[in-house]
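Visitor: Please take me closely through a single part of this model, the place where the two chains meet, and then set it beside whatever else helps to place it.

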Amino acid sequence: MNTAVQTPIREPAPPAPLLEMRGISKSFPGVRALDQVDIKLYPGTVTALIGENGAGKSTLVKILTGIYQPDEGEILVDGKPVTFATAQDATNHGVTAIHQETVLFDELSVAENIYLGHAPKTRFGLVDWKALNARSLALLHSLETTVDVRAKLKELSIAQRHLVAIARALSVDARIVIMDEPTAALSRKEVDDLFQIIERLKNQGKAILFISHKFDEVYEIAQNYAVFRDGRAVGHGALRDANQNEIVRLMVGRSVDKAFPKVDVALGETVLKVTNYAHLTEFRDISFELRRGEILGLYGLVGAGRSEFCQSLFGVTRPSDGSLTLEGREITIRSPRDAIAHGIVYVPEERGRHGTVAQMPIFQNISLPSLAKTSRAGFLRSAEEFALARRYAERFDLRAAALSVPVGTLSGGNQQKVVIGKWLATSPKVIILDEPTKGIDIGSKAAVHAFISELAAEGLSIIMVSSELPEILGMSDRVLVMREGLPAGLFDRQSLDAETLVRAATGNA
Amino acid sequence: MTRILKSREILLFGIIAILVAGFSSRAPGFAEPKNLAGIFNDTSILIILALGQMAVILTKSIDLSVAANLAFTGMAVAMLNAAHPDLPLAVLIIIALGIGAILGAINGLLVWKLGIPPIVVTLGTLTIYRGMAFVLSGGSWVNAHQMTPVFLNTPRTLFLGLPILGWTAVAIVIIVYIMMNRTFFGRALYASGGNPTAAIYAGIDVGRTRFFAFVLSGALAGLCGYLWVSRYAVAYVDIAAGFELDSIAATVIGGVSTLGGIGSVIGTVLGALFLGVIKNALPVIDISPFWQMAISGAVIILAVIFNARAEKRRGRIILRDKAAKTYQEATA
C-alpha cells in the first residue's frame, strides 16, 4: 500500500503533481486527436476535464490507461518519466479508470466482479475464496458501504453496481483514478452518493480526473479544471478563480459560428405542430412548430432525450401525452408505418446497423419503406419498385454493379446513399435526421450539409438531431435545446450563439 | 447474392441428379419417370412442411412443433371422419388448415406478445400438442376401415401420372413462391430476419410478421396432418415423431440461413428432395435405414458449413479494381 500518502493532504496548492503529462500528441489517420497537451493531477485533488464531444478527452483517457501510445510527449508519475506500453503497465503505476459503462458480470458475485482477472490464489493455483471475500469486504468498507460480497451482481441496484465498479477500479492499489462521465446514468440521489465516495478518495490522497459535461457537478466536486477543444488544452486552473462563462467560452471557442451555412430558404406555412409531447420516463412538455423548408436543430448533451423524442415522433415508442398536427389536421402515430404513411420519416443514427438489410438487393432496400404505397392488395409491383430504386440510385450517383446486388457488398459511402435514397423515395414531408454526420470525415460532412440544404430548398421540413455545435449553429433555422428530457429553450437563428446553447444544454442559465 | 444462391441451387440440383444417376446404375429402374414421380410424391409432405418451416426460420425463429401439430390435426380430422362420414372432404381439409393455423398462432402469440424465444415456445408446444393428440384419442388408433373411401383415396388419385398428393405439393410450392417473391408479407419475412431494427424503421411490424410466419407454418402442418393420415391410412399419437427435424434439415440443406433473412423456395424444395432421394434410394441398394440417419446428419452439417462459408465470403467491395471486375461480370 502507499504509505507515503496515507495522511490526507487537503491544500492542493503546494504539493508536487502525482501525475503529469507533458506535450502529449496523438494522431489518427486524418485527425490530430491530441496536440501538445499538458495536464497535471495532484494528490487529494479532483481535476475536472471539460470539453465538447470530440475534444480529445477519450483519447487522453486511453493514453493514460495504456490503451493508446502517444506519438510525442511524456508522462511522469511522482516526477519520474514512465511509459504505459500496456494497460497492465498503467495499472502497475496505480492508474485506474472507471468508464461510462463499466463491464461487469451479472451472474458473478460482487467479490468475483471486483477481483476478476486478479483474484487471490491459493498455493494450488485455485481461487482463494476466503481472501477474495475478505479483501472485497475491506475494499467496500473503505468506501463506507455495506454490500454483501457474495450477492450476485444482478441483485444490486444501479448505485450499488457503481460502487462495485469503483471498488474494482481500486482493487489494484490505485492512486490515480479516472472517472469518465460517471454520472451519465445516475439519478440525483446516486450522484450524491458517488460524490461522497469521491470525497473519501480525495481524502485518502488519490488524484482524481473527473470527466463530465455537467457544470453544476463540476463545480460541486472539482477543485481544478482543464478545458480541451479540438485536441488542445485551451485552459486550466483552479475552479474558484474561474466563472462558468469563462469556461463555456473556452469550451466552444470563437471560430465555430460561420461553418456549414445553410442556404437561405423562404420558409413556408406550418407543416408539423407538436404540442406537449410526453413520454412516461423519457421526456415531457416538448412543443414546437415546423414550417416548410425549415431546419429545426435539436441540441443537447448525450442522453438528453433527443433521440427518444424523435423515435416517439416516428412511432417506434408511444407518447403518453401530447398531440400532433400535420398540415392542419390532427394525427395520431401508433407505428413507424403510420408515420411513413403521413410523410414523417426517421433516418436513424447508426445507419450502418439500422439503415439497411445487408443481404437484400439494393432495389428492395430502397423500396422497403415505400412498399405499402407501391404494392396493391398485398402484392408487390416489381416494375414500380425497380423504377423507384433506379430513380433514387441515379439521383445519388450510386456506384453499384447492379441494383440487384445485396447492399452489404457496397462501400460505406454507397450504403449511406441507399439509406438516404430509401427514405426520400417515400416522398416525405418531414424528415428526422439523427446525427447526420456522425463518424463522417470533414469533406463528406460538407457534402451532407449541402444536401440537407437542398432538401430544405425543395420544401422538406427537417428535424436535425446533432451534438455538434458548429453543425447546429450553421444549419438550423431554429434550435430546440433539450436537457434531461425537458425543453431547455427554443432559439431563433438571429439569437443563436454557441454559449447560449451550451448554457441551456448544460443547465447554467 | 442471388448468384450465390442460384449457383447453390444448381449445385444442389446437380448433386441430386448425380445421386439419382448413381443409384440407377446399381438399381435399374430407379431413374425411370414413374419411380421419380413416386419419390416426389413420397417427399410431398416434407416439402410442404419445410416451406412453412422456411418462413419461420427466415424471421430468425424456429418451429419445433410442426410434427406434433401434424399428429394432433391428423388425429382430429381422422376421428371427425370416422364419427361423421358424411362430412365432405373439403370441409375436413379446411378444418385441418384451421386447427393447424390455430396451433401455429399459439406459438406465434407466445413469441410475439410474451417475447419468449421461439425454440423454447415450440419445444413446449411440441410436447403439449402431442399430449393433446393422446388426450383426444385416448391413445387409441383410427384405422383405415374407420375412414371413408373419399378421405383415403383422394390424395392417391392419379392425375397426369402424379397422385393428387404430389400435385398438392406442387400447388403449395407455387403459392409459397408467389407469396415469398411477390407479396408484401414475403418481403417482410426477409426484412424482419435480415435486419429487424432496419425493418422496424422501414415500417414493418416485425413481431406481427413473425406471428404470421408461425400461423403459416401451423396451417401447412395441419394440411400435412390430413395428407399423412390418409397416405398411411392410420392415425395414432406417434405419427411423424421427429419429423420436425427433417423439415429443418430440408431448409438448411436448401440454403436457408438459421440466422434468418436468407433462403429461397427453390432451395428448400431441393433440400427436401435431396432427403427424399436418399431415403428412397438407400433401401433399394441395401443400405440399412440407420445409415440413412447418419448420412442425413452428415449432409446437414456439410450444408451448414457450406452456408457459413458462403455468408463469410461476402465481404464489402472496397478495392477499386474488384468493383470494376464485378461490374463487368454483372454487365456481361
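Guide: Between chain B and chain A the count is one salt bridge, and in this predicted model that bridge joins the side chains of Glu385(A) and Arg187(B), with an N to O distance of 2.6 Å. Polar contacts between chain B and chain A add up to six residue pairs, counted where both residues have pLDDT 80 or more. On the side of chain B that touches chain A, at least two residues come from each of helix H7 (164-182), helix H8 (184-194), helix H9 (196-201) and helix H14 (320-331), and H8(B) supplies the largest share of that side, with five residues. Taken as a whole, the interface brings 28 residues of chain B into contact with 39 residues of chain A. The size of an interface is often given as the accessible area lost when the parts come together; for chain B and chain A the buried area is about 2600 Å², and carbon and sulfur atoms account for 62% of it.

Chain A also has an internal boundary that can be described in the same terms, since this chain is divided into domain 1 (19-254) and domain 2 (258-506). The C-alpha centres of these two domains of chain A lie 36 Å apart, and eleven residues of domain 1 are in contact with eleven residues of domain 2. About 930 Å² is buried between the two domains of chain A, with 57% of that area given by carbon and sulfur atoms. The count of salt bridges between domain 1 and domain 2 of chain A is one, formed by the side chains of Arg249(A) and Glu499(A) at 3.5 Å, N to O. Helix H8 (residues 244-252) of chain A gives the most to the side of domain 1 that touches domain 2, with five residues.

As for the nonpolar interior, the largest core has 124 residues, and the members that touch the most others in it are Leu272(A), Phe309(A), Ile463(A) and Leu501(A). Helix H5 (residues 158-170) of chain A makes the greatest contribution to this core, with seven residues, and the core draws at least three residues from each of domain 1 and domain 2 of chain A. Leaving aside residues up to four places away in sequence, Leu272(A) touches several residues, including Phe288(A), Leu313(A), Ile344(A), Val430(A) and Ile463(A). A second, separate core has 97 residues, among them Ala67(B), Ala169(B), Phe214(B) and Val256(B).

Notes
Residues are numbered from 1 along each chain as its sequence is written. Chains are lettered from A and ligands numbered from 1 in the order in which they are written. This is a predicted model: local features need pLDDT of at least 70, side-chain atom pairs count only at pLDDT 80 or more; totals for chains, interfaces and linings use all residues. Side-chain values use heavy atoms; hydrogens and water are left out. A nonpolar core is a set of buried Ala, Val, Leu, Ile, Met, Phe, Trp, Tyr and Cys residues joined through side-chain atoms within 4.5 Å. Buried means under 20% relative accessible area, exposed over 50%, partly exposed in between (1.4 Å probe, protein chains only). Helices (H or I, at least four residues) and strands (E, at least two) are DSSP runs, numbered from the N terminus. Domain bounds come from an automatic or database domain assignment. Contact means heavy atoms within 4.5 Å. Buried area is the accessible area (1.4 Å probe) that two parts lose on being put together, summed over both. A salt bridge is a side-chain nitrogen of Lys or Arg within 4 Å of a carboxyl oxygen of Asp or Glu. A polar contact is a pair of N or O atoms within 3.5 Å; within protein, one must be able to donate a hydrogen and the other to accept it, and residues adjacent in sequence count only if both atoms are side-chain atoms.
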